[in-house]
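Biologist: Can you put the model up? I'd like to go through a few of its helices.

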Amino acid sequence: MYCRFYGLKERPFNVTSDPAFFFSSKKHKEAISHLVYGVSQRKGIIVLTGEIGTGKTTTCRFFLNQVGKNVKTAFILNPAFSETQLLESIIKDFGIPPKNKVKLDMIWELNNFLLRQSNAGNNLVLIVDEAQNLKPNLLEQIRLLSNLETEKDKLLQVILVGQPELNNRINLYDLRQLRQRIMVRYHIGPLDADEIKPYINHRLQVAGAQNRPEGHGSASNSRSQEIKFSDEAINSISRFSAGTPRLINMLCDRALLAGFVAETSHIDFNIIKRCIEELESYSVRAE
């Protein structure tokens, strides 16, 4: 609705996991470094956690766009499957046409595929998102898949991505073998306060923010004005979101809509205050 008014090619504050909008904050850079290290060194099982809305899936998608051609991946977004369904989803995402749905046969097909890829110099990575929803028996099955190896290297690298509750699952006594095989862990925290303004400007820039004539682009007014969030507005966004990217996006999207209605590119404290009142139930801070 407001993109034309602001001269944007797309909405800058969508809550979808678009790697084009990946913001290289301190914590997100560290997360990428851990993923690169774990995969390149074939560490087997990697765990990436973070609270809701901290950008875990976006980080994984950005990571996938950075890996070399010798890294082949399978990305499971919704792991609410039975053991057989999970295994079938994994081999299908790797591009293996299953001959049948017998569990042992699918494991055999996957192992042969991994061996062929390893001999060709490729590294295979399985990413399981929302892994906190995996039942213990599914986590145990993933551990068994991570055991597929040659004399020197793991054939399959596994990245488990989830909310902090994933750690509670992993710490179960029955999953102690899985826990001992986790070689790399990282928890993505919220943005620091001094990263919020650069984060907002980064997303605006990626979306094509540029100077535009005021008043809906009227030719009668040549004075240009860029989208600008005041320092007071940024401080309010910081307090409301506590640095959680998804909450920042929700608030900024609402603020741009409010600015469009008010025919202004200057997002000030009053605009943010009204938007916060509308979104107060989402705040991570109890006032």
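Modeller: Here we look at the whole chain, then at some helices. This is a predicted model, in which local features need pLDDT of at least 70 and side-chain atom pairs count only at pLDDT 80 or more, while totals for chains, interfaces and linings use all residues. Residues are numbered from 1 along each chain as its sequence is written, and side-chain values use heavy atoms, with hydrogens and water left out.

Biologist: How many helices and strands are in the chain?

Modeller: The chain has 13 helices and nine strands. These are DSSP runs numbered from the N terminus, with at least four residues for a helix (H or I) and at least two for a strand (E).

Biologist: And what share of the residues is buried?

Modeller: Of the 287 residues in the chain, 46% are buried. Buried means under 20% relative accessible area, exposed over 50%, and partly exposed in between, using a 1.4 Å probe and protein chains only.

Biologist: Now the helix pair. At what angle do H11 and H13 pack?

Modeller: H11 (residues 231–241) and H13 (residues 269–279) pack at about 20 degrees, and their axes are 8 Å apart. Axes are lines fitted to C-alpha atoms, for helices over the stretch in contact, and angles run from 0 to 180 degrees between N-to-C directions. The two helices are therefore roughly parallel. Angles under 35 degrees count as roughly parallel, over 145 as roughly antiparallel, 65 to 115 as roughly perpendicular and the rest as oblique.

Biologist: Which residues make the contact?

Modeller: From H11 they are Glu232, Ala233, Ser236, Ile237, Arg239 and Phe240, and from H13 they are Phe269, Ile272, Ile276 and Leu279. Contact means heavy atoms within 4.5 Å.

Biologist: Which residues of H11 are buried?

Modeller: Ala233, Ile234, Ser236, Ile237, Phe240 and Ser241 are the buried residues of H11. They line one face of the helix, because seen down the axis of H11 they fall within an arc of 160 degrees. That arc is taken from the directions from the helix axis to the C-beta atoms.

Biologist: What do they pack against?

Modeller: The buried residues of H11 pack against helices H9 (196–206), H12 (245–261) and H13, and against strands E8 (228–229) and E9 (266–267).

Biologist: Switching to H9, which residues are buried there?

Modeller: In H9 the buried residues are Ile196, Tyr199, Ile200, Arg203 and Leu204. Their arc around the axis is only 130 degrees, which puts them on the same side of H9. Among the elements covering them are E8, H11 and H12.
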